[in-house]
Amino acid sequence: MCATAAPWWKQSVVYQIYPQSFQDSNDDGIGDLRGIIQRLDYLKTLGVDVLWLNPIYESPLVDNGYDIADYQKINPMYGTMEDFRELLEKAHERGIRIVMDMVINHTSTEHRWFQESKKSKDNPYSDYYIWKDPKPDGSAPNNWGSTFGGPAWEYVPERNQYYLHCFAIEQADLNWESETVRQDIYDQLRFWLDLGVDGFRFDVISLISKDQSFPDNNGEYVYTKSYYAGCSNGPRVHEFLHELHEQVLDHYETITVGETPNTNSAQALLFTNPERKELDMVFQFEHMHLDYGKYGKFSLERVNLADLKENLSKWEHDLEQGWNSLYWNNHDQPRAVSRFGDENYPVESAKMLGTLLHGMKGTPYIYMGEELGLKNTVYDSLDEYQDIETRYFIENMKEAGENPEFIRQVVYNGSRDNARAPIPWNDQKPYYGFSNHKPWLNFSKETSANVETALANPQSVFYHYQKLIALRKQLPAMVDGTYTLLAADHPQVYAYRRSTSNQDLVILCSFAPEEIPFELDPKESRVNPAKARLVLSNLENSPHTLEGVHRLRPYEALIYCLDKEN
Ligand code: GLC
Ligand code: CA
C-alpha cells in the first residue's frame, strides 16, 4: 500500500463509462446498468477505484442525457432504480466507488420545472430559468451563441420572452441567482448521496454564474459561444460552489470533479484549493485546444510536442495547492491514440500515452476502451454519425459548400462519436459481444482491438494500464511527488521527474516513430543514473538503469525509480 497521507481520491484512478455503449444485457442494442454489473469483474481486474457514469437519468436524449428531464429517475432504457442499487452494492463489494454525472447548469426543456416556468411570468417556477425580454425590435436580448451553433436564446410566445440555452434549444439554463433554485438543486444531489453514491462529476460547472448585465459580445462571429461571452467563471461561481459544498458535500464523503470550460489555471486553483471548500479537482480544456483549427475541434491539425510539454507542465506547477484531473479523452473527445499517438503504432503509442499521463500529478481518468488502445471510429457514410454537435457541424459545412472530402476527414478527426461507438468485447461479428442486436450507434468499420483478445495477451495495452494503476498504489512519488520537466527542448522526448523526500521517479516518453538516441543529463535530472532502476516499460528488453545513451525505440515509454537513502 502506498505510504501517503493524501486523500483517497488522489490515489485513485477513475474509469469513465458511457453507459449507452458499454455493455447491452437485454439485446435492445443499448448498453445498460445490468451490462455494467456483468462487467464489474473486468473493471476490478483492471484495478480502477472509481467509476464515473455519464448521465443515466430520465431524458429525451437530445444531447444523450445531458438534457435531464427528471433528476430522480433512471432512464428506463438503462434499467430500473433497483438495477442501480444493485450496481452500487456490487461495485462497493468490490471496493469500487460510483460517481454520477450531474448536469446542473441546465435541464431538459421537458423537465417539470421548465414546463411550469414557461407558462407565465408569475408562477412558482417562473424564475427557475433565465428569461429576458426581447429587444424593442423583437430580436434576442444579446448576441450570445449556443455551443452547438445558432443563437443561445429561444423565444417563447406564452411569456413573450426569450430563455437562455448555452447548449441545445432543448437544454435551458437554470437561474442560479435564485435561492429557491439552488435549494432545489441541492436536494437532487442529496437524493443520490443518500442512496450511497460516492460523488459527482459536475457538468459545465464553470458556467453556472452569468454576468447579470448580459453584455453583447464583440467577437469575430455573429454569435459568440455564450461561454466565451458572459457565461463562464461569472461573478458568483465560487460563492455558489462554496455554498454547495457547505450545504451538501461537507456532510458526505465524496469525490467531486468539475468540468470547467474556458477556465485558466489561476481560476482552476480557486476551484480546487482545499481551503476554499469548493471542488476536489477540475477537467480543464487547455491541452484539448492545442490542435484546434479554424473550426475548433473539427480540424486536421496535430498537437505540437513542445506546446504539449509547455501546457501540461504549466498545469502541473500552477495547481500546486489544488488538484487536477488527468485525461487524454472522454465522451466529448476523439480517441487518444488517433489524436496524440500514432495509428501506425497503436499499441506502443497507446501505452506511451498512458505512461505519460499516469506518471503525472493529478487523478488519472481512463475513458472506456482507452485501456484497449481503441482508435477513432471509421464509418462509410456521414449519415452514421449520431452526435448532435457533429450533425450540426456537417449541416453547416454542407451549407457553406465545403469540400466533401474535407468534411469527412475533419469529422473523422474530431467527432464525439469517435469515443461513443460501442465497446468490442470479443472478435465475433457483427456485434462483438456488446449485444445481439444492432447497436444504437454503429461499430467502427475497423475494430482495432477487443477485450477478449486483450485479456489473452500479456503484451496488450490492457495489462500496461493494469500495471500503471497498480504503480500508483506502490510508488508514493506518483501521488505526492513534485513535478519537474526534464530535457525541455528535446523535440521528440517528453521527460519529467516526480520527487518526494524519499523517492525520485524519472519518466521518459518518446514521441518518435523511429529509434532515437537519448541521454539524460544527471546534473539536470539530479538522479544518479546508475542507481535508478526500471519499474515499467512498454517494450521488452529496455535498459535496467538510466545510465548512458538510451536508444529509444518508437514510442518507447519508461519509468525509473530511485529510493533515496536519508
Ligand atoms: C458537457 C458534456 C457534453 C455536453 C455538454 C452540455 O460538455 O460533457 O457531452 O454536450 O456538457 O451538457
Ligand atoms: Ca439494453
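The paragraphs below lead through a predicted model, starting with the ligand and its surroundings and then turning to aromatic rings, buried serines and some backbone details.

A good place to begin is ligand 1, which is surrounded by 14 residues, the closest being Asp63, Asp203, Glu259, His331 and Asp332. When the shell around ligand 1 is sorted by residue character, it divides into seven charged, three polar and four nonpolar residues. Several side chains in the model bring a polar atom up to the ligand: in Asp63 such an atom lies 2.5 Å from an oxygen atom of ligand 1, while Arg201 places one at 3.0 Å from a ligand oxygen, and Arg416 likewise has a polar side-chain atom 3.0 Å from an oxygen atom of ligand 1. Of the 310 Å² of accessible area that ligand 1 has on its own, the protein covers 96%.

Next to Asp63 in the numbering comes Asn64, whose backbone deserves a look, since its phi is near 45°, a positive value in a residue other than glycine. Asn64 sits in the loop that runs between strand E3 (57–58) and strand E4 (70–74), and because its relative accessibility is 14%, below the 20% limit, it counts as buried. A positive phi also appears at Lys277, again a residue other than glycine, with a value near 55°. Lys277 belongs to the loop between helix H7 (265–272) and strand E15 (281–283), and its relative accessible area of 38% makes it partly exposed.

The aromatic residues offer another way through the model, which holds 38 aromatic pairs. In one of them, the rings of Tyr42 and Phe462 have centres 5.3 Å apart and planes at 35°, so this pair is classed as tilted. Because Tyr42 lies in helix H2 (residues 40–46) and Phe462 in helix H15 (residues 461–474), the pair ties together parts that are 420 residues apart in sequence. Tyr42 and Phe462 are both buried. Another pair, Tyr125 with Tyr128, has ring centres 4.8 Å apart and planes at 65°, so it is edge-to-face, and both of these tyrosines are buried. Tyr125 and Tyr128 also belong to a cluster linked by ring pairs, whose other members are Tyr57, Tyr71, Phe84, Trp113, Phe191 and Trp192.

Rings in this model are also met by charged side chains. Arg39 lies over the face of Trp425, at 3.8 Å from the ring centre, and Arg97 lies over the face of Trp8, at 3.6 Å from the ring centre.

Trp8 leads on to a serine, for its backbone oxygen lies 2.7 Å from a polar atom of the Ser12 side chain. Ser12 is located in the segment before strand E1 (14–17), and with a relative accessible area of 4% it is buried. Ser178 can be read alongside it: this residue is found in the loop between strand E11 (171–173) and helix H5 (179–195), and it too counts as buried, at 7% relative accessibility. The side chain of Ser178 reaches the backbone nitrogen of Val181 at 3.1 Å.

The path ends at a peptide bond. Lys429 and Pro430 are joined by a cis peptide bond, with omega about 0°, and Pro430 is found in the loop between helix H13 (417–420) and helix H14 (451–456).

Note on methods. Residues are numbered from 1 along each chain as its sequence is written. Chains are lettered from A and ligands numbered from 1 in the order in which they are written. This is a predicted model: local features need pLDDT of at least 70, side-chain atom pairs count only at pLDDT 80 or more; totals for chains, interfaces and linings use all residues. Side-chain values use heavy atoms; hydrogens and water are left out. Rings of Phe, Tyr and Trp (its six-membered ring) pair if their centres lie within 6.5 Å; planes under 30 degrees apart count as stacked, over 60 as edge-to-face and the rest as tilted. Helices (H or I, at least four residues) and strands (E, at least two) are DSSP runs, numbered from the N terminus. Buried means under 20% relative accessible area, exposed over 50%, partly exposed in between (1.4 Å probe, protein chains only). A charge sits over a ring if NZ of Lys or CZ of Arg is within 6 Å of the ring centre and within 35 degrees of the ring normal. A residue is near a molecule or strand if one of its heavy atoms lies within 4 Å of it. A polar contact is a pair of N or O atoms within 3.5 Å; within protein, one must be able to donate a hydrogen and the other to accept it, and residues adjacent in sequence count only if both atoms are side-chain atoms. Accessible areas come from the Shrake-Rupley method with a 1.4 Å probe; for residues, only the protein chains shown count as cover. Ala, Val, Leu, Ile, Met, Phe, Trp, Tyr, Cys and Pro count as nonpolar, Asp, Glu, Lys and Arg as charged, and the others, Gly among them, as polar.
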